[in-house]
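Trainee: Please give me a close look at the part of the backbone you would examine with most care, and then carry the account on into the elements that deserve a place beside it.

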Amino acid sequence: MKLLIVEDEPKTAEYLQKGLTEQGCAVDVAHNGVDGQHLALVHDYDVIVLDAMLPGIDGFTLLRALRQVKQTPVIMLTARDSIEDRVRGLHDGADDYLVKPFSFLELLARLQALQRRGRAQEPTQLKIANLQIDLIARKAWRGSERIDLSAKEFALLAVLARRQGEILSKTAIAELVWDMNFDSNTNVVEVAIKRLRAKVDNAFSPKLLHTIRGMGYVMEAREQADVDEEPAT
Amino acid sequence: MKRSITTRLVAMFALGALITLSLIGAALYGVLERELTRDQDDDLNTNLQNMRYSIERFGDLEHWARMQTKMDTLSPADGSVRFWVLSDDPRFLYGKGLDEMERVNQGEAGHGMLTMPISGHTYRTLSMRIAAFADRPPVRLIVGVDTAPFEHTLRAFLIALTLLTLGAVALVMALGWWIARIGLRPLQRLSLEARALRPKTLSQRLQEDRLPVELEDLTVAFNGALGRLEEAYQQLEGFNADVAHELRTPLANMIGGTQVALSRPRSAAEFEDTLQSNLEELERLRSIVNDMLFLARADQGEAATGLTAADVAHEVEMTIEFFEPLLDETGTTVAIEGELRAKATMNVALFRRALSNLLQNAIEHSAPGASLVVTITQRTGALWIAVTNPGATVAPTHLPRLFDRFYRVDSSRHDAGDVHGHGLGLAIVKAVASMHGGATLATSDAGLTTIGFSVAAA
C-alpha cells in the first residue's frame, strides 16, 4: 500500500512512517501543507493520512484542492475533538477521520478498512492453519472437530479471523462484536477472549489466538509456539 | 453615562412632587376661580335686582332722573361696577359709552362678557329686559362688573402657586438626595464588603443581620452564590489533586520501569517487556485523558447529538449482552424490569456507555452469583434507568458524591486491584444524563444499592 502522511509534528510523523513502513507500506512524508499538496497531486497514493492543522496550507484546504483533481482516499487527523471538525472534514471529502490522540492500531485498522472497501466480496470460508470457519453456516472446526460456539463467540472469532494477522484493540473488538462504541473500562473483552480461547485454542495446536500485551489480540498461525505467550487472564 | 440610583431617585421624587403640587394647585385655582365668579355673580344679581325693582315701578321722567342719580351713586368712581340702560327712547338711556354698548351688546337677557372697545376694560355683565310702564318704553338694564380685579387676583394666585411649587420641588429634590444617600448607605457598605472578598477568603460571607429587608434577599442570594462558588472551587482544587494523583502512579511506573531497564545491558525480550508495561500505563493515561475530555465537554453544556428514537429495553438488552462473558464468569444474573415498551430519544452510544458503567459498577460491588436488576421507569418528563445490586450498604453521606470525579467511598477499594475503573465511571454516567437533559440518583438501603440516571422523555 502506498501512503502519504502529511503531518507537521515530527515525532508523530516519524513513528507513523516507521510503523507503517514495517507493516509493508510505502510511505512518503510531508511536513507542511504545501509539500503535502504537491506530493498528493503529483503522485497516486492508495491512502493519504492528513493532519487538519498544518503550517502553510491547512488540511481542509489541501483536501478541497485535492478533491478537485482526484479521489484518493483520505483519513483526516484532527486534534480538536469537536463535531464541527468532523462534519467539516467529511463534508470536504475526507473518507474517515481520527481524533488525536489516536492509537496506532486504530489508524492501522482504519487504513485496512479503507483498503478493504474497494475489494471484492468477503470470503464465505476462512482457514487459518487447521481452523476452519464457515461464515454462512456460522460453524467452526479445528481439524475435523466441530467447535461449539455461542452466537457472540462466533462473531468474536469471525472478527478476529477476518482480520488475520491484524492486531485488534479491546476497544475495536467491543465495537466490532458488540457495537459498543467507546472505551468501556471493563474487562469484558478479556474474559470473552479467554472463553473463546478455551474453546478454540486450549485443546488444539497450533495456538492461533495471541495476546499482544498492552495492545490487544491477534489471530494468526505463527511459525513456532509463543514462548512469552501470556497465560489467559 | 452610568445611571446613578441617587440621581434617579431625586428625579423621581421631583417628578412626584411636581405632579402632586400641580394637581393641588390646579384644584385650588379652580376653586378660587369658581368662588370669585360666584361672588361677582352675586354682586351683579344684587345690583340688578335692586335697580330693576326701582325701575319697574315707575314710568315717568321725574323718577327716571332719580334712577339715574341712584345708578350714579351705585357706580363707584373706579368703574368697578357699571350700569347701562338701553332704550328706543333717547330720554331713557343711561350709561357711559352707550354707542359702543348698542353695537356690542345686542344679546338676550342673562350673563355675558363685554369688552369696552375704547378703554379695553372687560366686564362681566348681567342684563334683563324690563317691560314698558306708563311713559317709559321697554328698556334693557345691564349691570357690569369689571373683571380686572378678578383677573388680577387669579394671576397673582397663579404666580404664587407656581413659585411655591417650584420651591417645593427644589426642596423635595434636596431632601430626596439626602434620603437617597442615607437609604443607599447599606448598599455602599455591602459593596465595600464584597470588594474585600478574595479567592483566599472564599469562606467569608457578607453580613446579613444588619441589612435592611430589601437588601437581605440580594445578600442571601449573593452568599448562596459564594457558597456554590466555594464548593466548586474546592471541588476543582480537590479535582486537580485527584487528577495529579491519578496520573502520578502510571507516570512513576513508567519512569521507574524505564530507568531500571536502561540501567543495565538488557536482552531484547527484557526491553520488550518494559515497553509493553509502559504501553499499558500509557493506555491507562490515554483513557483517563479521553474520559476527562468527555467530561469537560459535558461540563461546557454540550448536549447529546445524533439523537434517535430508541427502544430502551432493547438497548438495555444489548448492553447486558456485552457483559455476558463477565456475567457468566461470575455467575451473576441480570433481570430487566419496569416499562419494557418505553421509547426514548437519545444518543444510543452514550446511553450504552452510561449503562455499561452502571453495570460494571454493580458487578464490581456485588459478590459472585448476585442477582442484578435493571429497572426502566417512566415518569413525567423523564425516563429512568437504574441498576440495583446487592452489596454493602453505602452510607448516606457518600451517596450524593458518588457521581463526583475520582470519588471513592472507600479509598482502599481502589488499591485492592480495581484495574479497570479510574474513578470516572459514574461521573460519565452523570455527564451522559446531563447531555440528555436528565439527572442521576443513588440510593442504598438494607444491602441493596441502586444507582441510576434519566434522560428527558421525548
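Mentor: A residue counts as exposed if 12 or fewer other C-beta atoms lie within 10 Å of its own, as buried if there are 20 or more, and as partly exposed in between. Please keep in mind throughout that this is a predicted model.

With that cut-off in hand, begin at B:A446, which sits in the loop between strand 10 (440–445) and strand 11 (448–456) of chain B. B:A446 has 7 C-beta neighbours inside 10 Å and therefore counts as exposed. Its phi is near 50 degrees, a positive value in a residue other than glycine. As background, most residues other than glycine have a negative phi, and most peptide bonds are trans.

Chain A offers a counterpart in A:D179, a residue other than glycine whose phi is positive, near 60 degrees. A:D179 belongs to the loop between helix 7 (170–178) and helix 8 of chain A, and it is partly exposed because 14 other C-beta atoms lie within 10 Å. Beyond helix 8 (188–200) of chain A, the loop that leads to strand 10 (209–212) of that chain holds A:P206, and the peptide bond joining A:S205 to A:P206 is cis, with omega about 0 degrees.

Helix 7 of chain A also packs against helix 6 (residues 151–162) of chain A, at an angle of about 125 degrees and with the axes 9 Å apart. Because of that angle, helix 6 of chain A is oblique to helix 7 of chain A, and the crossing of the two is right-handed. Helix 6 of chain A brings A:K152, A:A155, A:L156 and A:V159 to the contact, while helix 7 of chain A brings A:I173, A:L176 and A:V177. By class, this contact between helix 6 and helix 7 of chain A has six nonpolar residues, one charged residue and no polar ones.

Returning to chain B, there is an open sheet of four strands in the order 1-4-3-2, with antiparallel pairing. Strand 1 (81–87) and strand 2 (110–115) of chain B are the edge strands, each pairing on one side only, and neighbouring strands of the sheet are turned by 30 degrees against each other on average, direction ignored. Strand 1 of chain B pairs with strand 4 (residues 139–146) of chain B in the antiparallel sense over seven bridges, and B:R82 has B:G144 of strand 4 of chain B as its bridge partner.

How values were computed. Residues numbered from 1 in each chain as written. Chains lettered and ligands numbered in written order. Predicted model: local features only at pLDDT ≥ 70, side-chain atom pairs only at ≥ 80, totals over all residues. Pairing = 2+ DSSP bridges. Axes fitted to C-alpha atoms, helices over the stretch in contact; angles between N-to-C directions. Parallel < 35°, antiparallel > 145°, perpendicular 65-115°, else oblique. Left-handed = near helix turned anticlockwise from the far one by under 90°. Contact = placed C-beta atoms within 7 Å. Nonpolar A, V, L, I, M, F, W, Y, C, P; charged D, E, K, R; others polar.
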